[in-house]
Amino acid sequence: MEIQEKLLKYKFHFLFALILTLSVSALIYFAPNFLTILAYFWPLFLSTALFLGAVIFLGKTNSLPATDFSGDKAGEGLLDYVAGQPEHAVDSFKSD
């Protein structure tokens with residue numbers, strides 16, 4: 001009787017292990033194999049690989065043009081234009 005009482009303390013653990021075992025075995029039994037998945041998705045894999053290859057190739061072959069800037073932060077002129085500050089007002093702030 002003492003063994004049954006000890007086992008009853010772990011009844012949820014046994015139930016969880018049984019459910020997990022049944023779930024994993026059902027997943028293995030009913031899931032498609034890897035070649036079926038690969039046969040279905042090969043166009044997607046191929047197009048993605050070709051696109052990434054083109055991006056890498058164009059990134060290596062195209063060099064960026066030399067930018068000539070006077071040490072300003074990138075986009076500062078655009079921010080000044082959007083904010084509506086004229087060029088002479090911005091230059092007067094920089095001279096202080």
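Helices, as the word is used here, are DSSP runs of H or I covering at least four residues, and strands are runs of E covering at least two. In these terms, residues 12-31 of this predicted model are 95% helix and 0% strand, and the C-alpha atoms at the two ends of the span lie 28 Å apart. This span is one of two that UniProt, in an unreviewed entry, lists under "transmembrane region", the other being residues 37-58. Over residues 37-58 the chain is 100% helix and 0% strand, with 31 Å between the end C-alpha atoms.

The chain as a whole contains 5 helices and 0 strands, so that its elements, when read along the sequence, follow the pattern α-α-α-α-α. Of the 96 residues in the chain, 2% are buried, where buried refers to a relative accessible area under 20%.

At the start of the chain, helix α1 comprises residues 2-9, and helix α2 comprises residues 11-30. Two packed helices are described by the angle between their axes together with the distance between those axes. For α1 and α2, the angle is about 60° and the axes are 4 Å apart. Angles from 65 to 115 degrees count as roughly perpendicular and those under 35 degrees as roughly parallel, and α1 and α2 are therefore classed as oblique to each other. The contact between these helices is made by L7, L8 and K9 on the side of α1, which meet K11, H13 and F14 on the side of α2. Sorted by class, the residues of this contact comprise 3 nonpolar, 1 polar and 2 charged.

Helix α1 also carries a pairing of charged side chains. Side chains of opposite charge can pair when their charged atoms come close. The structure holds 1 salt bridge, and in it the side chain of E2 meets that of K6, with a distance of 3.7 Å from N to O. This distance satisfies the cut-off, because a salt bridge requires a side-chain nitrogen of Lys or Arg within 4 Å of a carboxyl oxygen of Asp or Glu. E2 and K6 stand 4 residues apart in α1, which means that about one helical turn separates them. With regard to accessibility, E2 counts as exposed because its relative accessibility is 56%, a value over the 50% limit, whereas K6, at 46%, counts as partly exposed.

Terms used: Residues numbered from 1 in each chain as written. Predicted model: local features only at pLDDT ≥ 70, side-chain atom pairs only at ≥ 80, totals over all residues. Heavy atoms only, no water. UniProt positions renumbered as here; feature names shortened; annotations may be inferred. Buried < 20%, exposed > 50% of the residue type's maximum accessible area, 1.4 Å probe, protein only. Axes fitted to C-alpha atoms, helices over the stretch in contact; angles between N-to-C directions. Parallel < 35°, antiparallel > 145°, perpendicular 65-115°, else oblique. Contact = heavy atoms within 4.5 Å. Nonpolar A, V, L, I, M, F, W, Y, C, P; charged D, E, K, R; others polar.
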